[in-house]
Amino acid sequence: MSENNKNSKGSVLASEKKKRKKKTAAIIALSITTGVLALSTVGLGIGLGISEHNSMNYKTDLENVYNNNFYNLLDSVNNLENKLSKTLSSSSGSTYQRKMLLEASKNASEAEISVSQLPLSQSEIQDTIKLVNQISGYTSTLATKMAEGHKLTESEMSTLEKIHYSVLDLKQQLNDFEKRLNGGYSILDGSLDIDEGTNEFTRSITSLKNNNIEYPSMIYDGPFSDSVVNSKVKGLQGKTVSKEEASNNLEKTFKNGAEIAYEGETNGRFETYNFRVTNTDGEKLFVQVTKIGGHILTISGVGENGESAVEKDDAKEIALKFASDNGIEDGEIVWSDSIENDFYLNIAPKSNGIILYPDLVKVKVNLTSGTIVGYDATTYFTNHISRTLSKGSLSLDDAVGRVPSTFEIVQKRLVLSPLDYNREVVCVEVEADSKGSTYYFYFNAESGELENVLKVINTDDGSLLM
């Protein structure tokens with residue numbers, strides 16, 4: 001297992017991992033999705049029309065997957081703590097210190113994946129994933145800085161120390177929880193024990209959040225991908241639909257749907273009907289449909305493996321059409337990236353020619369089958385309202401003139417930018433390059449004041465902005 005966590009469970013887990021590699025894509029998809037659907041009121045394996053024997057087998061399989069994800073998380077956190085400790089004790093500016101930062105970033109990314117695949121309550125998992133993501137991005141950024149010949153500042157070392165204390169705390173909590181797991185604790189049963197909007201498993205593990213840590217302002221999956229301006233859901237409209245109506249809507253949406261099975265309800269911040277959709281390509285998708293309005297809220301699943309058969313330009317058209325068919329008016333792709341044979345896109349609607357960053361939706365297209373295997377409209381339905389927006393008095397060219405002359409201008413456009421203190425401000429966004437780096441400048445379209453500057457940082461795991 002990890003450098004600090006080799007014990008007698010190692011051989012058992014190694015055997016279990018070999019068995020789990022043979023599990024079907026359906027089980028893998030289920031394990032990923034139940035983290036999102038942890039507040040569902042229906043018991044897993046019940047209501048699926050399968051025998052009690054098969055239901056128990058399914059429960060055992062899913063419990064094994066959860067255990068594996070937990071031990072992967074434990075390994076990643078133990079290794080992360082080890083690398084941070086070595087970073088803090090290394091000579092400032094040394095090659096070894098940079099190496100430890102890069103490995104810490106990798107461990108944090110691995111921890112993020114494991115957290116996302118555990119059945120934690122949705123309200124808790126978002127903060128935890130974001131924070132682990134920040135640690136990964138921060139350590140990677142410091143390593144990049146060191147590669148350019150700089151040493152870590154006292155402030156950066158102080159931030160790393162605070163991060164280390166938080167990771168130490170999480171490490172202790174996870175190791176304590178491991179003892180409960182060894183004593184027969186069921187993660188699956190704990191995820192179904194729901195009280196006051198969260199489940200017992202979530203309450204058993206404290207999140208990594210530490211308000212005393214000050215990070216740079218990082219934004220992932222493109223500009224403003226996780227912006228939630230409103231604390232309440234403001235974008236849902238229409239009458240309450242029945243589960244039958246929701247199912248009928250899915251049949252119209254998924255033209256290649258071979259089977260649609262109802263899987264219960266979620267009663268949290270968003271109230272949804274949950275469905276399992278199997279398409280003609282054999283892909284297993286899990287879909288949440290809002291009770292109000294019957295809108296698709298999320299889709300998660302595992303696409304086909306194999307050679308990419310769909311060009312990215314075609315995948316963009318597929319994503320834009322899907323977003324349009326689901327109510328995203330005049331959408332524009334503002335960010336895209338590919339990982340293996342999946343293509344990820346952020347699409348923002350426009351109003352009066354202004355890109356609405358607070359109303360982003362995320363789409364994942366499988367490049368083998370050309371189907372939608374991921375969709376997230378939670379930010380859209382949280383923030384989307386009817387807005388009357390002014391383009392302001394600052395012209396695009398005037399905004400460009402405010403960027404230092406050493407920068408090469410890439411593009412300019414009007415955007416609604418989510419800023420600090422829950423503000424939405426119409427800005428002129430100017431993308432510009434300088435010395436091999438890309439920057440985004442945000443000028444207030446009315447006053448001309450510079451509201452924000454973001455810099456693209458390239459890492460081994462993709463790009464981020466800070």
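Hi everyone. Before the salt bridges, one cut-off: a residue counts as buried under 20% relative accessible area, as exposed over 50%, and as partly exposed in between. By that rule Lys350, at 26% relative accessibility, is partly exposed. Please keep in mind that this is a predicted model.

So, how many salt bridges does a search of the whole structure find? It finds 15, and I'd like to walk you through a few of them.

Let's start with Glu332. Glu332 pairs with Lys350 in a salt bridge, and their closest N and O atoms are 3.1 Å apart. Glu332 sits in strand β7, residues 332-339, while Lys350 belongs to strand β9, residues 350-351, so this pair ties together parts that are 18 residues apart in sequence. Glu332, like its partner, is partly exposed: its relative accessibility is 24%, and for Lys350 the value is 26%.

Glu332 has another partner, too. Its side chain meets that of Arg413 in a salt bridge, at 3.4 Å from N to O. Here distant parts of the chain are linked, with Arg413 in strand β13, residues 408-419, and Glu332 in strand β7, 81 residues apart. Is Arg413 buried or exposed? Arg413 counts as buried, because its relative accessibility is 12%. Through shared partners, salt bridges join Asp330, Glu332, Lys350, Arg413 and Glu429 into one network.

Now for a pair elsewhere on your screen. Lys239 and Glu245 form a salt bridge, with 3.1 Å between the closest N and O atoms. Lys239 is exposed, at a relative accessible area of 53%, whereas Glu245 is partly exposed at 33%.

Thanks for listening, and do have a look at these pairs in the structure!

Definitions and conventions:
Residues are numbered from 1 along each chain as its sequence is written. This is a predicted model: local features need pLDDT of at least 70, side-chain atom pairs count only at pLDDT 80 or more; totals for chains, interfaces and linings use all residues. Side-chain values use heavy atoms; hydrogens and water are left out. A salt bridge is a side-chain nitrogen of Lys or Arg within 4 Å of a carboxyl oxygen of Asp or Glu. Buried means under 20% relative accessible area, exposed over 50%, partly exposed in between (1.4 Å probe, protein chains only). Helices (H or I, at least four residues) and strands (E, at least two) are DSSP runs, numbered from the N terminus.
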